[in-house]
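User: Could you take a close look at the metal site in this model and tell me how it sits in the rest of the chain? I'd like one connected walk-through rather than a list.

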Amino acid sequence: MAFDGFGARINDHYPIIPKGGYFPGTLEEPAEITVYCSCGEWEFFSQASAGGGVQEWGPDFEAHLIEEDYA
Ligand SMILES: [Zn+2]
């Protein structure tokens, strides 16, 4: 683990997909994904619809990093 010299972790932001946070979907049930940030300030949920699969969470996460000045 890297530290910034003042005891704080340099990277407080990394994506976590919780256990069971990704569901690939079945014929009866749509796919779902839940992702959250290690900082607890960002969460993403997407459920597949008739129009397509689950949304990409990457761009949303990047936006969070930019917002937090970590990008
Ligand atoms: Zn974060």
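Analyst: Let's start with the geometry, bearing in mind that this is a predicted model. The zinc ion has a tetrahedral site, with angles of 106 to 113 degrees among its 4 donor atoms. Those donors are ND1 of His13, SG of Cys37, SG of Cys39 and NE2 of His64, and they coordinate the zinc ion at 1.8 to 2.3 Å. So which stretch of sequence separates the donors? Written out, the spacing of the donor residues is H-x23-C-x1-C-x24-H.

One pair shows what that spacing does in the fold: Cys39 sits in the loop between β3 (32-37) and β4 (43-47), His64 belongs to helix α1 (residues 58-67), and the two are 25 residues apart, linking distant parts of the chain. Their surroundings don't match, either. Cys39 has 25% relative accessibility, so it counts as partly exposed. His64 comes out at 4%, and because buried means under 20%, His64 counts as buried.

That makes the helix worth a visit. His64 is one of the buried residues of α1, alongside Phe61 and Leu65. These three cover an arc of only 100 degrees around the axis, which puts them on the same side of α1. The general rule behind this kind of pattern is that an α-helix has 3.6 residues a turn, so residues three or four places apart point the same way. Turn to the other side of α1 and you find Pro59, Glu62, Ile66 and Glu67, which are exposed. As for what lies over the buried residues of α1, the cover includes β1 (15-16) and β3. Just past the end, α1 is followed by Asp69, with a positive phi near 65 degrees.

Now step back to the whole chain. It has 1 helix and 4 strands, and from the N terminus on they run β-β-β-β-α, with α1, the helix that carries His64, at residues 58-67. Of the 71 residues, 18% count as buried, and His64 is among the buried ones. The accessible surface of the chain comes to about 5,300 Å², of which 52% belongs to carbon and sulfur atoms. As for longer links, take the contacts between residues at least 6 apart in sequence: 26% of them join residues at least 24 apart.

To pull it together: the zinc ion has a tetrahedral site, and its donors include Cys39 from a loop and His64 from α1. On that helix, His64 shares a side with Phe61 and Leu65, and β1 and β3 are among what covers the buried residues there.

Notes
Residues are numbered from 1 along each chain as its sequence is written. This is a predicted model: local features need pLDDT of at least 70, side-chain atom pairs count only at pLDDT 80 or more; totals for chains, interfaces and linings use all residues. Side-chain values use heavy atoms; hydrogens and water are left out. Donors are N, O and S atoms within 2.8 Å of the metal (3.2 Å for Na, K and Ca); water is not among the atoms, so sites may look incomplete. Four donors count as tetrahedral if all angles lie between 85 and 135 degrees; four count as square planar and six as octahedral if opposite donors are over 155 degrees apart and all others between 65 and 115; anything else is irregular. Buried means under 20% relative accessible area, exposed over 50%, partly exposed in between (1.4 Å probe, protein chains only). Contact means heavy atoms within 4.5 Å. Accessible areas come from the Shrake-Rupley method with a 1.4 Å probe; for residues, only the protein chains shown count as cover. The arc is that of the directions from the helix axis to the C-beta atoms.
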